[in-house]
Structures are given as structure tokens and as C-alpha cells.
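Colleague: I've just opened this model and I'd like a close look at one part of it before I go back to the bench. Could you take me through one sheet, then follow the thread from there into the rest of the chain?

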Amino acid sequence: MDSKEKKQLSEADIKAKFITPAIVKAGWDEMTQIRREVTLTPGPVVVRGNLSSRNKKKKKFADYVLQKEKGVPVAVVEAKENNYSISHGLQQALGYADILDVPSAFSSNGDGFASHNKVPVEGDNIEKELSMDNFPSPDELWKRYKAFRGIEDEQEKLVTQPYYDDGSGKEPRYYQAEAINRVVEKVAQGEKRLLLVMATGTGKTYTTFQIIWRLWQAKKVKRILFLVDRNILADQTLVNDFKPFGSVMTKIKNRKIDPAYEIYLGLYQALTGPYEEDKIFKSVSRDFFDLIVIDECHRGSANADSAWKEILEYFDSAVQLGLTATPKETEYASNITYFGEPVYTYTLKQGIQDGFLAPYKVVRIDIDKDILGWIPSLGMKDDLGNPIEQRLYNQADMDRILVLNKRTTLVAERVMKLLKATDPYSKTIIFCEDIDHAERMRKAIVNAAGKFATDNSKYVMRITGDSIEGKAELDNFIDPESRYPVIATTSELLTTGVDAKTCKLIVLDKTINSMTTFKQIVGRGTRIEESQNKYFFTIMDFKKATELFKDPEFDGEPVVIYEPTDDDDPVPPDPTPIGDEDDESEVQETEGRYKIRVSGVEVSILSERVEYLGEDGFMVTESYRDYSRKNIRKEFSSLDDFLQKWQSAKKKAAIIEALGEYGIELPKLAQEVGKDYGDFDLICHIAFDQPPLTKKERANQVKKRDYFAKYGEQMRAVLEALLDKYADEGIVSIENNNVLKLNPFSSIGTPVEIINGVFGGKTNYELALQDLENELFKQAQ
């Protein structure tokens, strides 16, 4: 093939005819080692108003990922058309190599390969060009990968131990594979204390399963203990991610560790207790477990008197892997930390930017008595007839010391107002100060919900530690297929670990000073559930808790300061609280505290503001309309630029698809601006302030100009029907030839008969359609 012909080929043709054969020739197995068209990240979800869409411009998509084994990537190859230079795609490939943390990146246009090697041997260049016959072999790139990751030859068998494959074709996401590989590599290198930091909703349990599976299958570990602190976490794990372990897995119960199993799921409360006879973990030898995984290791395990502390100390010869979403640790009196630097970190911010986690919008509501404060009149008594201390009560006192019943009613009514305006069956969690507040909020929601509550008594439930009825409904609340309960009021129980995938609204009527608690609460909403149309969630904040979003600690890198010596306490310290830590003990104290309850005091909303998560990770105030305007202007520099490209486009759908890459969906924009406007007028109006015409107005203008007079009877009938179709459905519908299968076209003939018989061929039909489109948008020229 000569160079001129080669330059006519598409990128897909270059890959099929030149790049793939060259890689296969170098010894790469096409079925097991070459992954093509790999989506690394789907692109972030953009939220404005009640609308959401993906910004596909920021999608990360690799043409080739080469792997030693499934889930062990070693190199990236980026392909380009032959009109580009050999190295044109190398920067792009390097970006993907950084994401996958591999040392080898390549670019090719079909003439050769541009190569970048992050671990060159002495005397070799970092970048060079290779002929199509000299692509590196799997052994060469694996050797390079081992040098890059510090893997010794004797560790290779464990590092390449296959992942569990359920046959569905499911692949770990890039960050899951990296987390799994990093842990397995560190275990192969003999490390015993490991920390994995992954934001809530990123699949920590699936990641943990694959780590355990590979180490267990390789016989590096035989008996494994997975420690959790909530029953529901153990039960979820047993029936979901860990299910493939089957009969070798058990949940520790009846205060007995049965040595007949190999995989143990355990509540630390079931393994230990305050008395020596409760410490059943001591019924087995200290080397019984080879691997202990501690879920949510930032919680109780860090306390000096922690029940987990003695379990970890007892099995000190085991590999111990801590999992957490909130790793922030600060200097502590004993100057120690337990796990050392995280093996791998994947933050909430990164997850949202990649598009794996749901972004959020924040509705901040200030109530007058919270912000301005309230002073009781001299001699005023509460609802029980007790005198009220005359002082200024403000937000910090609300529902902790002072209960204004009308405030609770106002919050409940505002929550229901939002739900009724969007979806009254959106799963909602309302975080309250304590159990008493959660019960009062449940009652207020019942009254505000009206018919929704009377139709089903479980529309709202209090799910708190003391409520048997509420806890019994927890499984139904988190089940995507179960409509009820819709709303859960709680104080602490739902802050962590509960996998509420479809939660769309989080209400904060709780004072939160702890960054750890705040991150865990936000984590309740971060899962994307496409089957349930859940792409974002809303945080409604009555207590200024979302001010913590502004704190650099909210999504900063985990800071681990000290490593323990042999004489140090092995258990990591608690994170230093910001202000007063609102932990479980504080909540329990408030249960028995006398509260001032007052019914007659009026309250009102002082201000309300809606903010969205911006592209830079900061909160912004911006509508979907503003977002669309900004990004349309990125694609088209001026109105003239847009008009020229619109008129010259053979298919207008191509322009609409280009805007879709930014996450701009014109049908959604029409919901905000006006459903009667077509795509052309929406773009001109939103981005360039042009007065819009409806689709029907545009169609009528064409009819008034007697445009169809130049056509014969049958052509005119088809074009008039297309014009009516545009008036009803818009430009994209008439550009699709399938429209000719519908009425009234079917009465004229089949699509082939219309195109060939009426118009004399496809070229003539397309020219007539193009002429009609030019006439439709004529006055804009």
C-alpha cells in the first residue's frame, strides 16, 4: 500500500491492518494479553438543577492495554491515523500509563512505534522510535515492569496469580486493579502491615475479595479473617462479593471459631468482650490466621481501649490489611501509627472526576433562630412548665439543648417540598442530633408527607440502634428493588458501611465537627446506580455542616506521620477531632440529657442557596443553562462560527453529538428553556443571546415563502411531511432515513421507493433534504 492510500485509512483501519498485527507478531496473545478500546474512566457526571449528564470530553479511553495476565497491565499503546506523526499520540499514552502506573507507553500511526520507557537501562534513551517489526515482546515489557515496581524473580509467581473470573467478562476498574496489585506485590515482598485507602462507593469489598482470592489461591495464606464492626456488613459480604468462596467460608457465631473453615467473617464483638471468657479469639493459636483484613480501620480499632487492639496484637504474625475511606491521621500523644504509608489511595475527588462516583449538589438552608439566635422572654417556661434560662440560644443548641417544635416541622416540610418537586420515592437519609431528635423528625415527616405516609406506614422509619422495628427494615431500605422505607431518620447507625446505592437525598440536621464523620456521611450518597437512574445526589444542610467541604482536609492526601517500633503500642491513634468529636458516646450522653422543649416559637427560613461541585472540585453556583452556555462557546468561538458549521454540516446530529461530549444534552436543556424550541434555536439562544423561534414557527415561515412550488407533487408531499416532522420532533428525526418508514411516508411508498422513485436516487434525496434544512434556518444567515 502506498503512502497516499495509507493516509486515506481511518484510525480503525490503521489498527486492524498495521498496529494489531505488529503487536501479535511480537508474541502478544491476542485473546488474553491484548485489550482493545479500553475505557479507563467514563467521564464525570455534570449536575445542574435536577438534570445530569456525563462529560464525555473527559472520558479516558486507551486504544490498547497490554497485560501480563488478566488485571496486570504492563503497557499502553495509542493509535492515530496516518496523517499524524508517529509520536503524535505519545503524550496521550503517557497520561494513560500514569493512570495505570505502568512504565511503558507507545504511539503509532502505522508507520512505526514511538516508545517511552520510564526505566531505561544505562546508555539507553527514554524515548525512541521503533519499526513496525520491532515492537517489544511480552518478556521484555514484563522485565521492564518488574524493574519499575520492584518485583524480584522469586515474587513473580504470586504477583501473576490470576484474578477470580466469574465468566461474565467483568474486569476490575483501573484503580481496583492497581490497589489489588499493589497489595499482592507488597505481600510478595514480605510486608505485614498494609493500608488501603479507597473512597466510599469505589468497591472496597470487591477489591478485598480479589486480594484474598489471589493470595489464597497462590497458597500464600491459608486462613483469613475479615473483621467488621456491623452485622449487616458481614452479611452483605457473605452473600455478595465473597460468595465464590462457598463452603470454605463461614461467619463466626455462637462465640465459637470452627477450625474446619478457611475464610472467616467476624464481628469483633463476636470475638472479644470485657471479660476473659469473652475473648474467644484466644481459643485458637496465635498463628491460626495468616491474613487479617480490618474493614473501616479508622473507626474503633484506633481507640486505646479498642476491642480490635488485642485481636491484632494476638495474631501479630499475620499479614494485617487495613481498609478505610478516611485515612487522615495527625500527631498523637504516643507518636505512633500502625499501618505506615498507604499502599494505594483513591480519593472521593478522583472518583468523581473519573466518573465512577456520583457528584453532589448542596442546598444550604439557614433558619432564622439558628443564625440570629433566640432569647426567651423574662420568666418564660417550657412545655413542661419549667423556667427557661434567659440567654442566647443558637444553632449549636438546637435539638441538643433546645427543642423548638416548629423548627422540626419546618425542616420536615422543606424536605418533603423537595421530594414532592422531584421524586417522592427518592431514598432519603435524615441525620439528626440523637435518637430523640430522630424520633421527633420521623413524626414530623409523617405529618408533612400526608398521603404518602398513610398509603404505607413504612414510608418513613426511624432506623437507630435502639429500634428493633427500624433495624429490621434496614435491608429493605438499602435494597434497590424495595420501594419502602423511603425515608430513614437516624443519628449514627447509617453514617458508615451501609451500602445504600440508591440514596439520592442526604439531609443534615446534625452538628458535625468531625471530618471523619462528615466524609462517611457524604459517602452514603456517592454510589452511581445507572439501573435506578441515580447519577448524582443532593445534600440538604440545615446546620452548616457542609462548610467542611471548604476545609483542605476534606479530600487531601492521607497523612501518616509515625511508624511504630517494637516497643510501641501497635494500634493506630484516632484522628484528632476538629472541635468536639460527635462520636457515639456523645450521642448516647444526649439521650439522657434534659432538653428544653418549646412549642409556640415561630421559625422561618432566612436564606437558601444551591451549589454544585465544579470541575476543579470546589462548590460553585451555576445553572445547567450557564454550564451549557460556557461549553457551547468552547466548541464555537462566535455566532458566525456556529452558523457556518451548522450550515456546512451534512448531518446536524454530528454537531449535537459533539456538544453531548461536554455533557450537554439538548433535550434536557429544552426542559429548562422551553420544550417547543429546536436544537438550533436552543444553541443560538443559550450561547449567543439570539431570540429563539419554536420548531413550529420555523416550519410555518418556510410554508409562507412557498418554498415547495419548485418541486413536483410527490417530492412536495414528502418534503412537506418532513417539515411537519421537524415541527413535531426536531432536526435529528428528519435526518434519519428510518423516518420514511413512518406515516404519512408509508402511504407514498417504501423508503427505497421514495428515495429512488420519487427523488431519483440517494444523492438527490440528500440534496433536497439539505436544501430544506437551509431554508429552515435561512433567516439566521
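In what order do the strands of the open sheet of 6 strands come, and what kind of pairing does it have?

Modeller: Sure, and keep in mind that this is a predicted model. The order in that open sheet of 6 strands is 1-4-5-6-7-8, and the pairing is mixed. At its edges are strand 1 (34-41) and strand 8 (127-130), each of which pairs on one side only. If you ignore direction, neighbouring strands in this sheet are turned by 35 degrees against each other on average.

Zoom in on strand 6 (residues 104-108) and strand 7 (residues 113-117). These two run antiparallel and are joined by 5 bridges. One partnership to look for is serine 108, whose bridge partner in strand 7 is phenylalanine 113. Now bring in helix 2 (residues 11-25), which lies across strand 1, strand 4 (60-69), strand 5 (72-79), strand 6 and strand 7. Helix 2 runs at about 15 degrees to strand 4.

Phenylalanine 113 turns up again when you look at the nonpolar packing. The largest nonpolar core has 119 residues, and Ile23, Leu66, Phe113 and Phe135 are the ones that touch the most other members. Helix 6 gives this core its largest share, 9 residues. Apart from that core there is another one, of 52 residues, including Val718, Ile731, Ile754 and Leu772.

Helix 6 is a good guide to the next sheet. This one is an open sheet of 7 strands with parallel pairing, in the order 11-12-10-13-14-9-15. Strand 11 (249-251) and strand 15 (344-346) are the edge strands, each pairing on one side only. From one strand to the next, the twist averages 15 degrees. Packed on this sheet is helix 6, which touches strand 9 (193-198), strand 14 (319-324) and strand 15, and makes an angle of about 175 degrees with the direction of strand 9. Over by strand 11, there are 3 bridges to strand 12 (residues 263-267), and the two strands run parallel. Lysine 251 has leucine 265 as its bridge partner in strand 12. Helix 8 (residues 231-239) lies across strand 10 (224-228), strand 11 and strand 12, at about 160 degrees to strand 12.

Stay with helix 6 for a moment, this time for its charges. Side chains of opposite charge can pair when their charged atoms come close. Here, glutamate 178 and arginine 149 meet in a salt bridge, 3.0 Å from N to O. That pair ties together distant parts of the chain, 29 residues apart: glutamate 178 sits in helix 6 (residues 174-188) and arginine 149 in helix 4 (residues 138-149). Glutamate 178 has 4% relative accessibility, so it counts as buried. Arginine 149 is buried as well, because its relative accessible area is 6%.

Compare that with lysine 645 and aspartate 641, whose side chains meet at 3.4 Å, N to O. These two are 4 residues apart in helix 21 (residues 639-648), which means about one helical turn separates them. Lysine 645 is partly exposed at 34% relative accessible area, while aspartate 641 is buried at 17%. A further pair is arginine 698 with aspartate 681, where the closest N and O atoms are 2.5 Å apart. This one also links distant parts of the chain, 17 residues apart, with arginine 698 in helix 25 (residues 695-704) and aspartate 681 in helix 24 (residues 679-688). Both arginine 698 and aspartate 681 are buried. In total, the structure holds 55 salt bridges.

One last stop is strand 22 (residues 537-541), where 5 of 5 residues are buried. In a regular strand the side chains alternate between the two faces of the sheet. Both faces of strand 22 are covered, with Phe537, Ile539 and Asp541 buried on one side and Thr538 and Met540 on the other. Strand 16 (residues 360-367) runs parallel to strand 22 and is joined to it by 5 bridges, with valine 363 opposite methionine 540. Strand 21 (residues 503-508) is also parallel to strand 22, with 4 bridges, and valine 507 stands opposite methionine 540. To get from strand 21 to strand 22 the chain passes through helix 18 (residues 515-522), in a right-handed β-α-β crossover.

Note on methods
Residues are numbered from 1 along each chain as its sequence is written. This is a predicted model: local features need pLDDT of at least 70, side-chain atom pairs count only at pLDDT 80 or more; totals for chains, interfaces and linings use all residues. Side-chain values use heavy atoms; hydrogens and water are left out. A salt bridge is a side-chain nitrogen of Lys or Arg within 4 Å of a carboxyl oxygen of Asp or Glu. Buried means under 20% relative accessible area, exposed over 50%, partly exposed in between (1.4 Å probe, protein chains only). Two strands pair if DSSP finds at least two bridges between them. A crossover is right-handed if, with the strands pointing away from the viewer, the path from the first strand over the helix to the second runs clockwise. A nonpolar core is a set of buried Ala, Val, Leu, Ile, Met, Phe, Trp, Tyr and Cys residues joined through side-chain atoms within 4.5 Å. Axes are lines fitted to C-alpha atoms, for helices over the stretch in contact, and angles run from 0 to 180 degrees between N-to-C directions. Contact means heavy atoms within 4.5 Å.
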